[in-house]
Amino acid sequence: MQIRKIAIVGCGQMGSRHLQAIVKLGGQLNIQVVEHNPANQELAKKRLQEVLPSGQPVEIKWYKDIAELNGLPDLTVVATKAAGRVEILKELAKMGHSRFLIEKMVCQSVEEYDDLLETFENLKIKAWVNCTRPYFTVYEKAIEVMRNDGELVFNAMAGNLGLGCNAIHLLNLFLTITGDHQNVHIDGRSLFPALLPNKRGKLFVEFAGSIIATTSNQSFATISFHHQNNSPLIINAMSKNWRLFVDEENGKASLAAKKNDWQWEELEFKMRYSSELTTEVANSIMEEKNCKLPNIRDCYCIHKELFKIFNEHIKSIRDEDVVVCPIT
């Protein structure tokens, strides 16, 4: 039986969820984890016990630095914070790692992203960004019926869930449905006129308010997060012949078609978390050399536009030029 080799770099809140999924791949696994923080290692080991049958042994080698990694894995998961991530990715690439699953945001500036793309393209490296909604059954159906069905109108509304770290998920879903990741423009003039605290530390900020994205085919998306509200996410989308409604928190979804006089058909909605979804993603990457996540080139334009509007917004409040966008 072939031994599948996986490396995980960064094993805190998100990395430990990826680790939970990786151990579910089954078969013979060679897992190496790089995490310098003892508290994060303890958290990851605790979460492993939540998913492993009692007494099932799993061989995992724990390291504090990527220089300690042995051999070349079939897949490298990088779930560090965005700050400093590009240098880690470039170093791993130069070591010979060739397939990556990367947490979003990939990095914090256009310059960093350009540098990373150049490195990866020169070394013929494949990488995907962990924007997972294209794997949800409801959204797979929306992609199937709404793509090539004229202009798309997309609306997402939520409370103060963190627009800086979550907008990319919704924008990627919008652009995946339209089928065009390369031609999007984002307007941030309706962002809430203050910077909000980020739960990941003082080095980062958060945003609320509204952003509007438009594409070359006249599709548009409005994403609105209310800074004084903690309500869950609601998504509405409309194309020429279809309409979609999703309440993710309450597991409700409906699809209506013009051919059926716009009568709602209830769909089953299931939230899919990285602790189980990464099993499918990793298996697909290793077996089929591809997956449904956006690749690193697909996500470039979204990052570029988000950096632009968030940096402009910070400048309008702090009156200082910003190059490195403090989001993660």
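Let's start with an open space: the second largest pocket holds about 290 Å³. It is lined by 21 residues, and those closest to its centre are Trp128, Pro294, Asn295, Ile296 and Asp298. Keep in mind that this is a predicted model. Which elements each supply at least two residues of that lining? They are helix α4, strand β6 (126-129) and helix α6 (163-178). Sorted by class, the lining comes out as 11 nonpolar residues, with five polar and five charged ones making up the rest.

Next, look at Arg297, in the loop between α7 (274-288) and α8 (300-318). What does its side chain meet? Arg297 forms a salt bridge with Glu121, at 2.6 Å from N to O. Glu121 sits in helix α4 (residues 110-122), so this pair ties together parts of the chain that are 176 residues apart in sequence. Both ends have some access to the outside: Arg297 is partly exposed at 35% relative accessibility, and Glu121 is partly exposed too, at 47%. The background here is simple enough: side chains of opposite charge can pair when their charged atoms come close.

Follow α4 past its end and you reach Lys124, in the loop between α4 and β6. Its phi is positive, about 55 degrees, although Lys124 is not a glycine. That catches the eye because most residues other than glycine have a negative phi. Is Lys124 buried or exposed? With 71% relative accessibility, Lys124 counts as exposed.

On the other side of α4, the loop between β5 (99-102) and α4 holds Met105. Here it's the backbone again: the peptide bond joining Lys104 and Met105 is cis, with omega at about -10 degrees. It is worth a second look because most peptide bonds are trans.

Two more positive phi values are worth a visit. Gln218 lies in the loop between β11 (209-215) and β12 (220-225). Its phi is near 75 degrees, again in a residue other than glycine, and Gln218 is exposed, at 56% relative accessibility. Asp261 belongs to the hairpin of β15 and β16, where six residues lie between the strands, and its positive phi is near 55 degrees. The strands of that hairpin, β15 (residues 252-257) and β16 (residues 264-268), run antiparallel and pair over five bridges. One of the residues to check is Lys252, whose bridge partner in β16 is Glu268.

Now back to the charged pairs. How many salt bridges does a search of the whole structure find? The count is 11. Among them is the one between Glu50 and Arg17, where the closest N and O atoms are 4.0 Å apart. Glu50 is in helix α2 (residues 38-51) and Arg17 in helix α1 (residues 13-22), so the contact links parts that are 33 residues apart in sequence. The two ends differ in how open they are: Glu50 is exposed, with a relative accessible area of 53%, while Arg17 is partly exposed at 27%.

Helix α2 also contains Pro38. Pro38 is exposed, with a relative accessible area of 59%. From its C-alpha to that of Gly12 is 9.9 Å in space, across 26 residues of sequence.

Another salt bridge joins Glu276 and Arg272, with the closest N and O atoms 3.4 Å apart. Which residues are joined into one network by salt bridges that share partners? Arg272, Glu276 and Glu280 are the members. As for accessibility, Glu276 is partly exposed at 26%, whereas Arg272, at 19%, counts as buried. The cut-off for buried is under 20% relative accessible area, so Arg272 falls just inside it.

Finally, the cysteines. How many disulfides does the structure hold? Zero. For Cys11, the nearest cysteine sulfur is that of Cys165, 19 Å away. Cys11 is buried, with a relative accessible area of 0%. Cys131 has a cysteine sulfur at 4.6 Å, that of Cys299, yet Cys131 is in no disulfide. The reason is the cut-off: a disulfide needs two cysteine sulfur atoms within 2.5 Å. Cys131 is buried as well, at 1% relative accessibility.

Definitions and conventions. Residues numbered from 1 in each chain as written. Predicted model: local features only at pLDDT ≥ 70, side-chain atom pairs only at ≥ 80, totals over all residues. Heavy atoms only, no water. Helix = DSSP H or I, 4+ residues; strand = E, 2+ residues; numbered from the N terminus. Buried < 20%, exposed > 50% of the residue type's maximum accessible area, 1.4 Å probe, protein only. Pairing = 2+ DSSP bridges. 1 Å grid on protein atoms, 1.4 Å probe; cavity = no way out; pocket = protein on both sides within 12 Å on 5 of 7 lines; lining within 4 Å. Points joined across faces, edges and corners; volume = space filled by probe spheres on them. Nonpolar A, V, L, I, M, F, W, Y, C, P; charged D, E, K, R; others polar.
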